[in-house]
Amino acid sequence: EGQATAGSEIADRGCAPCKIGTTYSATESGEECADVSASCIAGYFRDVAPTASSDRTCAHCAAGHFKAYPGNHACGEWRTCAVGRGLWSEGTGITNRVCTPCESGVTFSTADNGAPCAAVSNPCGIGIGLTAVATVSSDRVCAACTVGRFKDTAGNYACPLWSTCAS
């Protein structure tokens with residue numbers, strides 16, 4: 001409770017209950033009920049609701065979470081970057097993670113996570129031919145040339161067949 005009317009030489013002070021969510025009184029001092037503090041700022045969430053005897057408390061968003069606007073709502077998890085997209089900038093307590101498309105033939109991402117796009121592997125070497133081209137969601141695939149095929153230079157092409165000898 002808090003003071004509703006002041007006492008005087010001829011009348012006792014009047015007390016009234018504090019309004020939950022609006023005012024509170026943390027002590028039995030005879031003071032008026034205090035106003036509950038403003039909503040939590042961006043990057044913080046309400047971890048304890050105000051009562052008639054205590055103010056609200058706010059806590060910082062946990063790692064991997066954010067809240068962009070003031071309010072008492074919970075912090076949300078950072079987004080993940082879908083397959084074919086990678087991390088552009090990491091999230092903070094007030095901003096979500098930002099993802100960017102991978103560049104076909106240059107970078108790729110095979111998982112829905114928070115990692116940046118990975119660099120495509122080096123070109124296929126001598127004796128190793130290209131079996132699958134790199135895409136935004138997969139690395140290039142190289143494999144040893146099979147019997148009857150060869151590759152005498154590095155590069156991203158399949159192993160050609162041996163020449164046929166004329167009879």
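Colleague: Which residues does R140 contact, leaving aside its neighbours within four places in sequence?

Modeller: In this predicted model, R140 is in contact with G105, V120, S121, N122, P123, C124, L130, A132, V133, A134 and N156. R140 itself lies in the loop between strand 13 (128-132) and strand 14 (141-144).

Colleague: How do you know that R140, though buried, has no salt bridge?

Modeller: The nearest side chain of opposite charge is D139, 5.3 Å away. A salt bridge has to fall within 4 Å, so D139 does not qualify.

Colleague: What makes N122 a polar contact of R140?

Modeller: The backbone oxygen of N122 lies 3.5 Å from a polar atom of the R140 side chain. The cut-off is within 3.5 Å, so the pair counts.

Colleague: Why is Y24 called buried?

Modeller: Its relative accessible area is 17%. Buried means under 20%, so Y24 qualifies.

Colleague: Where is Y24 found, and what does Y24 touch?

Modeller: Y24 is in strand 3 (residues 23-24). Not counting residues up to four places away in sequence, Y24 touches C18, C33, A34, D35, V36, T51, A52, S53, S54 and D55. The C-alpha atoms of Y24 and A49 are separated by 11 Å, with their positions 25 residues apart along the chain.

Colleague: What makes K151 a charge over the ring of Y157?

Modeller: The charged end of K151 is 4.8 Å from the ring centre of Y157. The distance limit is within 6 Å, so that part of the test is met.

Colleague: How many aromatic pairs does a search of the whole structure find?

Modeller: Zero.

Methods. Residues numbered from 1 in each chain as written. Predicted model: local features only at pLDDT ≥ 70, side-chain atom pairs only at ≥ 80, totals over all residues. Heavy atoms only, no water. Helix = DSSP H or I, 4+ residues; strand = E, 2+ residues; numbered from the N terminus. Buried < 20%, exposed > 50% of the residue type's maximum accessible area, 1.4 Å probe, protein only. Lys, Arg positive; Asp, Glu negative; His and termini not counted. Polar contact = N/O pair within 3.5 Å; in protein donor to acceptor, adjacent residues only side chain to side chain. Contact = heavy atoms within 4.5 Å. Phe/Tyr/Trp six-rings, centres within 6.5 Å; stacked < 30°, edge-to-face > 60°. Lys NZ or Arg CZ within 6 Å of the ring centre and 35° of its normal.
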